[in-house]
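Student: I'd like a close look at one part of this model, please: the salt bridges. Take it slowly, and show me what sits around them too.

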Amino acid sequence: MSLVEEFNDYRTRMNERIMSYDNKVIKRFFNLDTNTYADGALDVKTKEMLGLVASMVLRCDDCIKYHVGKCYDEGVTDDQIMEVFSIANLVGGSIVIPHFRRAVEYWEELKERGSAE
């Protein structure tokens, strides 16, 4: 199974499981996340790039994969993603480099596959 399939399958399965508990606070938090990344004063593409920088600086590999996939879906180019990665490395410092490597690996797999599913 590929990195993309493994991540997306796990995320979908666990989100469904989490939602099955029908917890109002968790549902509201997930909804807040969904609404934050919706088109508004900033377009979705810009918001996903911002989310990717934040995720890299916070060193959350799952978050990075999610936002890399969304950036891919939004039509971010290689040059744009490398600028996003550059900002994240500058803000986060050298500790971000291992996450940067994994992000590039995930980005390249998305490009090979042709979609983020």
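Tutor: Let's start with the term itself: a salt bridge here is a side-chain nitrogen of Lys or Arg within 4 Å of a carboxyl oxygen of Asp or Glu. The idea behind it is that side chains of opposite charge can pair when their charged atoms come close. Keep in mind that this is a predicted model, where local features need pLDDT of at least 70 and side-chain atom pairs pLDDT 80 or more, while totals for chains, interfaces and linings use all residues. Numbering runs from 1 along each chain as its sequence is written, and side-chain values use heavy atoms, with hydrogens and water left out.

With that in hand, the structure has four salt bridges. We'll visit some of them, including the one between Glu 5 and Arg 113, whose side chains come together at 3.8 Å, N to O. Try finding those two in the sequence: they are 108 residues apart, with Glu 5 in helix 1 (residues 3–19) and Arg 113 in helix 6 (residues 97–113), so to speak a link between distant parts of the chain. (Helices are DSSP runs of H or I with at least four residues, strands are E runs of at least two, and the numbering goes from the N terminus.) How much of this pair is open to the outside? Glu 5 has a relative accessible area of 27%, so we call Glu 5 partly exposed. Arg 113 comes out at 30%, which puts Arg 113 in the partly exposed group as well. Those labels have fixed limits: buried is under 20% relative accessible area, exposed is over 50%, and partly exposed is in between, using a 1.4 Å probe and protein chains only.

Stay on helix 6 for another of these bridges. Arg 102 and Asp 61 join their side chains at 3.0 Å, N to O. Again the pair ties together distant parts of the chain, with Arg 102 in helix 6, Asp 61 in helix 4, and their positions 41 residues apart. Arg 102 is partly exposed because its relative accessible area is 37%. For Asp 61 the value is 26%, so Asp 61 is partly exposed too.

Now look for Lys 111, which bridges to Asp 78 with the closest N and O atoms 2.9 Å apart. Here the link runs from helix 6, where Lys 111 sits, to helix 5, where Asp 78 sits, and the two are 33 residues apart in distant parts of the chain. Lys 111 has 37% relative accessibility, so it's partly exposed. Asp 78 also has 37%, and that makes Asp 78 partly exposed.

While you're around Asp 61 in helix 4, slide along to the cysteines. A disulfide is a covalent bond between the sulfur atoms of two cysteines, and the cut-off for the pair of sulfurs is within 2.5 Å. There is one disulfide in this structure. It joins Cys 60 and Cys 63, with 2.3 Å from S to S. Cys 60 has a relative accessible area of 25%, so it's partly exposed; Cys 63, at 30%, is partly exposed as well. Their S-S torsion is about 65 degrees, and therefore the disulfide is right-handed. Cys 71, on the other hand, takes part in no disulfide, and the nearest cysteine sulfur, belonging to Cys 63, is 13 Å away. Cys 71 is buried because its relative accessibility is 0%.

One last stop: the loops between helices. Arg 59 is in the loop between helix 3 and helix 4, and its phi is near 65 degrees, a positive value in a residue other than glycine. At 40% relative accessible area, Arg 59 is partly exposed. Asp 22 lies in the loop between helix 1 and helix 2; its phi is near 55 degrees, again positive in a residue other than glycine. With 53% relative accessibility, Asp 22 counts as exposed. Finally, check Leu 42, in the loop between helix 2 (24–36) and helix 3 (44–58). Its relative accessibility is 39%, so Leu 42 is partly exposed. Leu 42 and Glu 16 are 26 residues apart along the chain, and their C-alpha atoms are separated by 29 Å.
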